[in-house]
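Notebook open, structure loaded. I wanted to look up salt bridges and one helix pair, and jot down what turned up.

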Amino acid sequence: MYLLPAIDILDGRAVRLAKGDYNAVTVYNDDPVAQAREFEARGATWLHVVDLNGARSGIPENLAIIEQIVRATKLKVEVGGGIRSLETVARLADVGVSRMVLGTSLVKNRAFAHDAIAEFGDLLACGIDAKAGEVAIAGWEEGSGTNAYDLAREMSELGYAHIIFTDIARDGMQTGIDPAAYERMARAFGHPVIVSGGVASVADIEALTPIANLVEGVIAGRAIYEGALSVEAGVAACEQATRACIHVVSSEGDAC
């Protein structure tokens, strides 16, 4: 497990939305690049970036800032928002992004989802954001009528091995997470899940320890910005959960 501090970019600034609501915006830093440098200085090795303008419009609008983050840090940068063409994936790959997250296109353009994984493989992840089990798309502003777990199974069959699963009802609310939901998604997908939505404190990361073998990473945003979770504590908790899981596996010969 590893921590991915989150930077959501809207109109060039680092913000957070409450439950994905573009009318409920809190600005945390006018300079996303400076924010990324701070996260790196505090021990992060990964960064989760969402182009909120791109997520809504379908066209990446903050590519220059993302490129600056990649150049200014040694962070592995995971990017989502508006990635709906092979050309966009190629551009981000050229910039040096470590992973790209496909979301809306998984539902609206299955042919693209197929072609993208065939060409770019492990550079891609599927991003499934759900409300009450239904996949939300277009920057969370539309429902899709698609079951989140069914979509995860389909994407796994296409060859996707990374997944970011966001519980929209909890995202940006610091209400805590539901480990059972992520365990269910990981088992449906067949690979470990990246947890997103609702992380309120280090206790939420620690609560994932029993299923650490099913968790690749943990995304945290508002809790970090508002001081409820430090990057240092989050990184340490992820590492501790992994060590605890490895110990259980080695001593008992089974999963955590």
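My entries follow, starting with the salt bridges and ending with the helices.

**Entry 1: salt bridges overall.** I'm working from a predicted model, so I kept in mind that side-chain atom pairs count only at pLDDT 80 or more. I looked up the total and got 10 salt bridges in the structure. One set I wrote down is a network of salt bridges linking E38, R42 and E232.

**Entry 2: R99.** Next I went to R99, which sits in strand β6. Is R99 buried or exposed? Its relative accessible area is 5%, and the cut-off for buried is under 20%, so R99 goes down as buried.

Which residues form salt bridges with R99? I found E78, with the closest N and O atoms 2.7 Å apart, and E216, where the closest N and O atoms are 3.0 Å apart. The E216 pair joins distant parts of the chain, with E216 in strand β12 (residues 215-220) and R99 in strand β6, 117 residues apart. The E78 pair also links distant parts: E78 belongs to strand β5 (residues 76-80), R99 to strand β6 (residues 99-102), and 21 residues separate them. I checked burial for the partners too: E78 is buried, and E216 is buried as well.

I also noted a polar contact at 3.3 Å between the side chains of R99 and Y2. Then I pulled the contacts of R99, leaving aside neighbours within four places in sequence. Among them are W46, V77, V79, L123, L124, A125, H162 and I194, along with Y2 and the two salt-bridge partners, E78 and E216.

**Entry 3: E226 and R222.** Here the side chains meet in a salt bridge at 3.3 Å, N to O. I compared burial across the pair. R222 has a relative accessible area of 11%, so I logged R222 as buried. E226 comes out at 45% relative accessibility and therefore counts as partly exposed.

**Entry 4: helices α3 and α4.** Last, I looked up how α3 (residues 63-72) packs with α4 (residues 86-95): the angle is about 30 degrees and the axes are 9 Å apart. Angles under 35 degrees count as roughly parallel, so α3 is roughly parallel to α4.

Which residues make the contact? From α3 I listed L63, E67 and V70, and from α4 R91, L92 and V95. Sorting the residues of this contact gave me 4 nonpolar, 2 charged and no polar.

Note on methods. Residues are numbered from 1 along each chain as its sequence is written. This is a predicted model: local features need pLDDT of at least 70, side-chain atom pairs count only at pLDDT 80 or more; totals for chains, interfaces and linings use all residues. Side-chain values use heavy atoms; hydrogens and water are left out. Axes are lines fitted to C-alpha atoms, for helices over the stretch in contact, and angles run from 0 to 180 degrees between N-to-C directions. Helices (H or I, at least four residues) and strands (E, at least two) are DSSP runs, numbered from the N terminus. Angles under 35 degrees count as roughly parallel, over 145 as roughly antiparallel, 65 to 115 as roughly perpendicular and the rest as oblique. Contact means heavy atoms within 4.5 Å. Ala, Val, Leu, Ile, Met, Phe, Trp, Tyr, Cys and Pro count as nonpolar, Asp, Glu, Lys and Arg as charged, and the others, Gly among them, as polar. A salt bridge is a side-chain nitrogen of Lys or Arg within 4 Å of a carboxyl oxygen of Asp or Glu. Buried means under 20% relative accessible area, exposed over 50%, partly exposed in between (1.4 Å probe, protein chains only). A polar contact is a pair of N or O atoms within 3.5 Å; within protein, one must be able to donate a hydrogen and the other to accept it, and residues adjacent in sequence count only if both atoms are side-chain atoms.
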